Amino acid sequence: TRRYMSNVHGALKVFSCRDGVIAPSHTIPLPPARAPQRKAEIPAGIAVSPDGARLYVCGNLSNRLVEIDAATGRTLRTFDVGVAPYDVVLAGGKAFVSNRGGRRPGPGDVTGPAGKGTRVRVDPVRRAASEGSVSVIDLATGGATEVLVGLHASALAVAPGGRHVVCANASSDTLSIIDAARGEVIETVWTKATPAELFGAQPNALAFAPDGRRLYVCNGAQHAVAVIDWDPD
């Protein structure tokens, strides 16, 4: 009965959906990011809990995942994640968050600007983010781990049955397949038809077939959809 949309001005737009009619309802503000050059948050990916009671929103500027009461719009908890969180999915009582800029920089890391005063680990040769990552948050305890994936981690998808989470690595032309229970990458898959193809498929969106036997991948720079057999067993 509701649809949620991220708004670059620091809020979620909420729409009602009844009898096939979608209409504006209200706005849910996010906590301020308080970045050096911008106060308002930049929300990105959104996930809704199975019972519809909670929203999980990527704070792309503050590098946090925000948990919100869907009925009241009140912020319940925030979780620190990596740099520039992009998408979030829920599986097995955990939230999986893709971080386009990878882990937060540490002392001695080579860094560059990630926007509005924030910093990101960079490859000094490529002059771009040097890694991507997925933060795995246990929603019962609040504990978190982080697993490295490919460059510019973007879209996420949960496989039917919930055993695996797939992350599209836009600047590596690969998918990282994560065991949802262990929070570990178990396989990396090319999204190009052959390794001989020119680099730059840029996978950036994912969808599973209803029967779980195919995974569809948008290769953004190829203007194409890759169709991948899905048989994790």
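This is a selection-by-selection tour of a predicted model.

**Stop 1: the largest nonpolar core.** Select Val166, Leu175, Leu206, Phe208, Leu215, Val217 and Trp230; of the 15 residues in the largest nonpolar core, these touch the most other members. Then colour strands β15 (153-158), β16 (164-169), β17 (174-179), β19 (203-208), β20 (214-219) and β21, the elements that give two or more residues to this core. Now centre on Phe208. Leaving aside neighbours within four places in sequence, Phe208 is in contact with Ala157, Val158, Ala159, Pro160, Val166, Arg214, Leu215 and Trp230. Another core, of 13 residues, lies apart from the largest one; Ala153, Leu156, Val165 and Ile178 are among its members.

**Stop 2: a surface patch.** Select Tyr216, Val225 and Val227. Together they form a nonpolar patch on the surface with about 270 Å² of accessible area. Val227 belongs to strand β21 (residues 224-229).

**Stop 3: strand β6.** Select Ile68, which is in strand β6 (residues 64-69). Is Ile68 buried or exposed? Its relative accessibility is 0%, so Ile68 counts as buried. Not counting residues up to four places away in sequence, Ile68 touches several residues, including Leu12, Ile28, Leu30, Leu55, Val57 and Leu76. For a distance check, pick the C-alpha atoms of Ile68 and Arg2: they are 15 Å apart in space, with the two positions 66 residues apart in sequence numbering.

Next, add Glu67 and Arg77, whose side chains meet in a salt bridge at 2.8 Å, N to O. Glu67 lies in strand β6 and Arg77 in strand β7 (residues 75-80), so the pair ties together parts 10 residues apart in sequence. Glu67 is buried, with a relative accessible area of 0%, whereas Arg77 is partly exposed at 26%.

**Stop 4: strand β11.** Select Arg121 and Asp109, a salt bridge with its closest N and O atoms 3.1 Å apart. Arg121 is in strand β11 and Asp109 in the loop between β9 (94-99) and β10 (111-115), 12 residues apart. Arg121 is buried at 14% relative accessible area; Asp109 is partly exposed at 29%. Extend the selection to Arg103 and Glu131: salt bridges that share partners join Arg103, Asp109, Arg121 and Glu131 into one network.

Thr118 is in strand β11 (residues 118-123). Thr118 counts as buried because its relative accessibility is 16%, under the 20% cut-off. The Thr118 side chain reaches the backbone oxygen of Gly115 at 2.8 Å.

**Stop 5: one more salt bridge.** Select Arg182 and Asp179, where the closest N and O atoms are 3.3 Å apart. Asp179 is buried, with a relative accessible area of 14%. The count of salt bridges comes to 9.

Key:
Residues are numbered from 1 along each chain as its sequence is written. This is a predicted model: local features need pLDDT of at least 70, side-chain atom pairs count only at pLDDT 80 or more; totals for chains, interfaces and linings use all residues. Side-chain values use heavy atoms; hydrogens and water are left out. Patches are made of residues with over 30% relative accessible area and no salt bridge: like charges are joined within 9 Å, nonpolar side chains (Val, Leu, Ile, Met, Phe, Trp, Tyr) within 5 Å. Accessible areas come from the Shrake-Rupley method with a 1.4 Å probe; for residues, only the protein chains shown count as cover. A salt bridge is a side-chain nitrogen of Lys or Arg within 4 Å of a carboxyl oxygen of Asp or Glu. Helices (H or I, at least four residues) and strands (E, at least two) are DSSP runs, numbered from the N terminus. Buried means under 20% relative accessible area, exposed over 50%, partly exposed in between (1.4 Å probe, protein chains only). A polar contact is a pair of N or O atoms within 3.5 Å; within protein, one must be able to donate a hydrogen and the other to accept it, and residues adjacent in sequence count only if both atoms are side-chain atoms. A nonpolar core is a set of buried Ala, Val, Leu, Ile, Met, Phe, Trp, Tyr and Cys residues joined through side-chain atoms within 4.5 Å. Contact means heavy atoms within 4.5 Å.
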